[in-house]
Amino acid sequence: MTKILAIAIPKGGVGKTTTAVNLAASLAVLEKRVLLIDTDPFGACSMALGFTQEKIVGGLYEVFNFMHSMPKVIHRTDIAFLDFVPINTRNNQMEERILRLSENRTLLKNILRPIIPHYDYIIIDTPPFLRGLTANALACADSVLIPIRSGHFSLEGIDKLFKYFEWIREASNKTLQVEGILQTMYEPHTKVTEITERELQLRFRKYMLKTIIPKNTHLIEAAFYGKPAILFNAASKGTLAYLELARELMGRQQSASQQLQTVPVQNIA
Ligand code: ATP
Ligand code: MG
């Protein structure tokens, strides 16, 4: 079964795009069929994957405007099992227009429907604000992964985010789950890290993912050169951490489907 995972939190620079790109690449290297979709008008996923404007035939912008069909804007990448849909907003007017169109929360959900069976995972990167494009991503996601930059978060921010998920559940996606909270840019042995970690464990223990993404300059360099980290430096700590995250999520997916398979027959009727 396909899993649709949105990477979201209304905070800039916490590692959403880095997580979306490198988690998608890691799942693909582990031979899962993956589609990465960029819903942030800033278009950072394109940069991180080396998609310059000449290489882009169209994106979500054209699909939202009914100029192209979704299959037309699916781009192959340097990783065999990884496909990519850019956003392709190239100026302020296009950005304004896609933001206006995204007030219809179910647009992305409707557009995605026919292509879902072609993938094991659909990973959606979102902008650092709620509503609009993020609401579209959450309306079609099975679950949401929340990256928290170690030492830079506020508990009120997470509380607000959880309230927003409740609203999305009521308004457009009853079954939206929280996949988990991922600590990114982790620097051990600092006071702020210790405090953040203690607070997170106290308040959100059940949501904390086991994998922690360390602060790692190879992740920055890889994005700069337009490559997922695994194609830039396969042995770096950042690459290995994202592979571990992919395995952690795959393990959960597997045990969820096993549980489904083992539902007693009398409960199925
Ligand atoms: P925005 O909300 O602006 O889209 P974002 O949440 O998507 O930001 P990223 O763009 O992924 O955040 O990361 C912000 C910056 O931090 C980037 O320069 C990125 O290369 C760097 N970065 C991300 N993860 C790490 C890491 N684990 N170690 C070191 N640098 C990192
Ligand atoms: Mg981003």
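In this predicted model, a nitrogen atom of ligand 1 lies 2.9 Å from a polar backbone atom of proline 214. Two further approaches to the backbone involve oxygen atoms of the ligand, one at 3.0 Å from a polar backbone atom of glycine 15 and one at 2.9 Å from a polar backbone atom of threonine 17. Taken alone, ligand 1 exposes 640 Å², and the protein buries 78% of that area. The three approaches are set out below.

| Ligand 1 atom | Protein partner | Distance |
|---|---|---|
| Nitrogen | Proline 214, polar backbone atom | 2.9 Å |
| Oxygen | Glycine 15, polar backbone atom | 3.0 Å |
| Oxygen | Threonine 17, polar backbone atom | 2.9 Å |

**The shell around the ligand**

Ligand 1 sits in the second largest pocket of the model, and 17 residues surround the ligand, of which Gly13, Lys16, Thr17, Thr18 and Asn216 come nearest. Sorted by class, this shell holds seven nonpolar, six polar and four charged residues. Three elements each supply at least two residues of the shell, namely helix 1 (16-29), strand 8 (208-214) and helix 9 (217-224). Which of the elements gives the largest share of the shell around ligand 1? That share, three residues, comes from helix 1.

**Strand 4**

Turning from the ligand to the protein itself, strand 4 spans residues 82-85 and includes leucine 82; aspartate 83 is also found in this strand. Leucine 82 counts as buried because its relative accessibility is 1%, under the 20% cut-off for that class. In sequence, leucine 82 and arginine 33 are 49 residues apart, yet their C-alpha atoms are 6.4 Å apart in space.

Why does aspartate 83 count as buried? Its relative accessibility is 12%, and therefore aspartate 83 falls in the buried class, for which the value must be under 20%. The side chain of aspartate 83 is joined to the side chain of tyrosine 119 by a polar contact of 2.6 Å.

**Helix 6**

Helix 6, which runs over residues 132-140, is mostly covered, with nine of its nine residues buried. The buried residues of helix 6 include Gly132, Thr134 and Asn136 as well as Leu133, Leu138 and Cys140, and the alanines Ala135, Ala137 and Ala139 are buried too. As a general point, an α-helix has 3.6 residues a turn, so residues three or four places apart point the same way.

Terms used: Residues numbered from 1 in each chain as written. Chains lettered and ligands numbered in written order. Predicted model: local features only at pLDDT ≥ 70, side-chain atom pairs only at ≥ 80, totals over all residues. Heavy atoms only, no water. Near = heavy atom within 4 Å. Polar contact = N/O pair within 3.5 Å; in protein donor to acceptor, adjacent residues only side chain to side chain. Areas by Shrake-Rupley, 256 points an atom, 1.4 Å probe, with all protein chains shown as cover. 1 Å grid on protein atoms, 1.4 Å probe; cavity = no way out; pocket = protein on both sides within 12 Å on 5 of 7 lines; lining within 4 Å. Sits in = over half its atoms within 2 Å of the grid points. Helix = DSSP H or I, 4+ residues; strand = E, 2+ residues; numbered from the N terminus. Nonpolar A, V, L, I, M, F, W, Y, C, P; charged D, E, K, R; others polar. Buried < 20%, exposed > 50% of the residue type's maximum accessible area, 1.4 Å probe, protein only.
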